[in-house]
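User: I have a model open and would like to know what stands behind the labels people put on it. Could you take me through them?

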Amino acid sequence: MDWFIIIASMVKMLAVIAIVMGLATLLTWVERKQSAVMQDRLGANRADIFGLRIIGLFQPFADAIKMITKEDFVPPFANRFLHTLAPILAFAPVLFVFTVIPLGPPLEIAGRTVTGQIANINIGLLFIFAFGGLAVFGSVLAGWGSNNKYALIAGIRASSQMISYEVCLGLSLVGAIMIYGTLDMTEMVIGQSGHWFGWLPRWGLFMQPLAALLFLPAAIAENKRIPFDLPECESEILGYFVEYSGLRAGMFMFAEFVEIIFVAALFTVVFLGGWLVPWLAWDGFHFPWGGMWYLPIWIVKMLEFAAMFIKIAFMIYFMILIRWTLPRFRYDQLMRLGWKYLLPLAMLNLVVTGVVLVLLR
Amino acid sequence: MEIILFIITALIALASALMVITRKSPIASVLFLVLTFVCIAVLYVMLGAQFIAAMQIIVYAGAIMVLFLFVLMLLNLRGNQGWENISPARIGLGFAAAGLLLLVAVAWLKTAGSMEVAGLDPEMGTVSAFGDVLFQRFLLPFEIASVLLLGAIIGVVAMIKRKPLAELGEDKEGKVS
């Protein structure tokens with residue numbers, strides 16, 4: 001038994017759960033506030049603790065209390081077991097995948113290297129595919145277990161959409177895997193260090209622009225958010241969780257917010273160079289015009305953590321911006337986009353990447 | 001430590017495999033099959049075969065089982081496919097087959113000698129080791145298998161589209177052909 005590894009893993013697990021859950025709670029408020037800003041309203045600003053409002057930042061707590069104290073109703077004709085299992089199956093896999101996503105640079109502690117992810121396993125990205133693929137069971141079983149025709153149809157819509165876009169999601173990332181030559185996400189980020197022409201960072205975005213462009217819509221479709229929110233569309237044609245109330249409905253919603261963070265973190269790690277800051281090396285900034293700015297190692301590490309979270313925050317903001325900007329796709333448009341445009345382009349990207357890699361070798 | 005994990009996982013795998021064939025509702029069977037696959041993936045990880053474990057979950061638990069679920073939900077079989085449709089002769093034959101399998105398994109285990117797992121190379125199941133074996137030593141069987149799969153896919157599409165392509169989609173009555 002190596003106590004160092006056990007304690008380090010425990011600390012990392014607690015940190016990741018605290019960061020992810022805290023951020024997801026905050027996002028419920030951010031999303032409402034962003035919609036208010038874009039629609040020229042004030043948005044959620046009334047929740048207060050002893051008169052203290054801070055622009056409505058306490059709204060998530062009020063929402064949580066409301067969710068928990070609401071009646072948790074199971075329809076009498078529903079399959080009780082599946083009805084309870086579905087929100088868990090929707091939520092758990094999304095949280096699992098954070099095991100392999102590094103949220104920061106490797107640190108040297110007591111002569112040992114501690115990586116930024118919980119488990120440093122050889123199959124990193126495949127682990128994400130594996131558990132990300134299991135999330136579809138949650139929506140399908142929610143639709144079937146509710147014993148409601150609308151929920152069932154929405155569940156089938158959800159499963160066909162998620163199966164379709166999973167293919168494109170996987171293929172767009174395979175191009176990145178080919179370039180980095182590894183599935184371990186810490187090594188992927190390290191593979192993006194360095195610069196072209198002395199100033200352009202070698203991030204995945206610049207090496208695999210098409211893959212990044214294909215990954216984002218596919219990931220948003222997996223996440224079932226506007227413009228791909230046909231399985232849910234709460235206000236019009238009813239989603240697969242019509243028959244859910246209280247905390248269980250809250251779990252579906254919360255899973256969606258955790259998934260936003262997951263997509264943002266994955267995009268940051270694979271395409272935006274993770275924690276890398278342009279021109280920052282281990283001893284400080286090396287500016288392309290020849291200047292140097294030496295920094296102690298702990299400031300460099302702090303900067304890298306900050307860069308990671310700024311990038312994730314930017315991607316989250318970008319996705320929320322998309323959610324309040326675009327209208328929803330019709331079902332046939334959705335399928336056509338996935339199979340006729342995204343998938344062939346992803347395959348083309350693979351072929352081109354392969355040819356270029358062989359030529360460069 | 002590891003043996004405890006093995007016993008728990010193996011017991012769950014066996015119990016859920018038993019549930020797959022005894023449940024009346026096909027949806028429940030599919031879900032127990034998923035649980036069995038996940039347990040088997042855990043066993044693969046314990047053997048050091050990480051890549052196979054990931055593939056087990058991605059392909060079987062994630063893709064094929066979702067397809068099963070999809071089809072079952074469209075068929076809408078609501079638990080009335082009970083035991084009463086199965087004749088005693090078939091049940092007897094099933095038990096006979098299970099007995100034969102048990103006999104073979106016991107005979108095989110007796111000749112297998114030691115039950116100890118040989119010292120495994122920790123690098124054996126990694127992606128690069130797997131890729132080396134698949135794309136160098138077994139390249140030809142791998143390619144043949146992929147051609148076989150392609151043939152199967154084309155065959156299925158051809159069988160579905162018995163009608164000439166021109167007639168499909170021009171059904172003015174709105175019937176699904």
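**Reasons behind the labels**

Analyst: Gladly. A:Asp2 is partly exposed, with a relative accessible area of 29%. Please keep in mind that this is a predicted model.

User: Why is A:Asp2 called partly exposed?

Analyst: Buried needs a value under 20% and exposed a value over 50%, with partly exposed in between. A:Asp2 has 29%, so it falls in the middle class.

User: What makes A:Asp2 and A:Arg112 a salt bridge?

Analyst: The rule asks for a side-chain nitrogen of Lys or Arg within 4 Å of a carboxyl oxygen of Asp or Glu. In this pair the closest N and O atoms are 3.1 Å apart, so the rule is met. The partners are 110 residues apart: A:Asp2 sits in the segment before α1 of chain A, and A:Arg112 in strand β2 (residues 112-114). A:Arg112 is also partly exposed, at 34% relative accessibility.

User: Why is the pair A:Arg32 and A:Asp63 said to tie parts of the chain together?

Analyst: A:Arg32 belongs to helix α1 of chain A and A:Asp63 to helix α2, so the pair ties together parts that are 31 residues apart in sequence. Their side chains meet in a salt bridge, with 3.0 Å from N to O.

User: Which of the labels, buried or partly exposed, fits A:Asp63, and which fits A:Arg32?

Analyst: A:Asp63 has 18% relative accessibility, under the 20% cut-off, so it counts as buried. A:Arg32 has 37%, which lies between the two cut-offs, so it is partly exposed.

User: How do you know that A:Arg248 and A:Asp72 form a salt bridge?

Analyst: Their side chains meet with 3.0 Å from N to O, and the limit is 4 Å. The two residues are 176 residues apart, with A:Arg248 in helix α10 of chain A and A:Asp72 in the loop between α2 and α3 (80-96). A:Arg248 is buried, because its relative accessible area of 15% is under 20%. A:Asp72, at 35%, counts as partly exposed.

User: What makes A:Glu31, A:Arg225, A:Glu256 and A:Arg323 a network?

Analyst: They are joined into one network by salt bridges that share partners. Over all chains, the count comes to 10 salt bridges.

User: Why is chain A called as compact as a globular protein of its length?

Analyst: Its radius of gyration is 22 Å, close to the 21 Å that the globule rule gives for 361 residues, so the label holds. The C-alpha atoms of chain A fill a box of roughly 70 × 55 × 55 Å along the principal axes. Its secondary structure comes to 12 helices and 7 strands, and 52% of its 361 residues count as buried. Among contacts in chain A between residues at least 6 apart in sequence, 75% join residues at least 24 apart.

User: What makes the backbone at A:Asp40 and A:Trp279 worth a label?

Analyst: Each has a positive phi without being a glycine: near 60 degrees for A:Asp40 and about 70 degrees for A:Trp279. A:Asp40 lies in the loop between α1 (3-38) and α2 (59-69) of chain A, and A:Trp279 in the loop between α10 and β5 (280-281). A:Asp40 has a relative accessible area of 73%, over the 50% cut-off, so it is exposed. A:Trp279, at 24%, is partly exposed.

User: What kind of peptide bond joins A:Ile226 and A:Pro227?

Analyst: A cis peptide bond, with omega about 5 degrees. A:Pro227 is in the loop between α9 (209-222) and α10 (246-271) of chain A.

User: How do you know what kind of contact chain B makes with chain A?

Analyst: Carbon and sulfur atoms give 82% of the area of about 2,100 Å² buried between chain B and chain A. The interface has 0 salt bridges and 1 residue pair in polar contact, with both residues at pLDDT 80 or more. On the side of chain B that touches chain A, α2 (26-46) and α3 (50-75) of chain B each supply at least two residues. α3(B) gives the most, with 14 residues. The residues on that side divide into 16 nonpolar, 3 polar and 1 charged. Counting contacts, 20 residues of chain B meet 21 residues of chain A.

Notes: Residues are numbered from 1 along each chain as its sequence is written. Chains are lettered from A and ligands numbered from 1 in the order in which they are written. Side-chain values use heavy atoms; hydrogens and water are left out. Contact means heavy atoms within 4.5 Å. Buried area is the accessible area (1.4 Å probe) that two parts lose on being put together, summed over both. A polar contact is a pair of N or O atoms within 3.5 Å; within protein, one must be able to donate a hydrogen and the other to accept it, and residues adjacent in sequence count only if both atoms are side-chain atoms. Helices (H or I, at least four residues) and strands (E, at least two) are DSSP runs, numbered from the N terminus. Ala, Val, Leu, Ile, Met, Phe, Trp, Tyr, Cys and Pro count as nonpolar, Asp, Glu, Lys and Arg as charged, and the others, Gly among them, as polar. The radius of gyration is taken over C-alpha atoms; the globule rule is 2.2 Å times the number of residues to the power 0.38. Buried means under 20% relative accessible area, exposed over 50%, partly exposed in between (1.4 Å probe, protein chains only).
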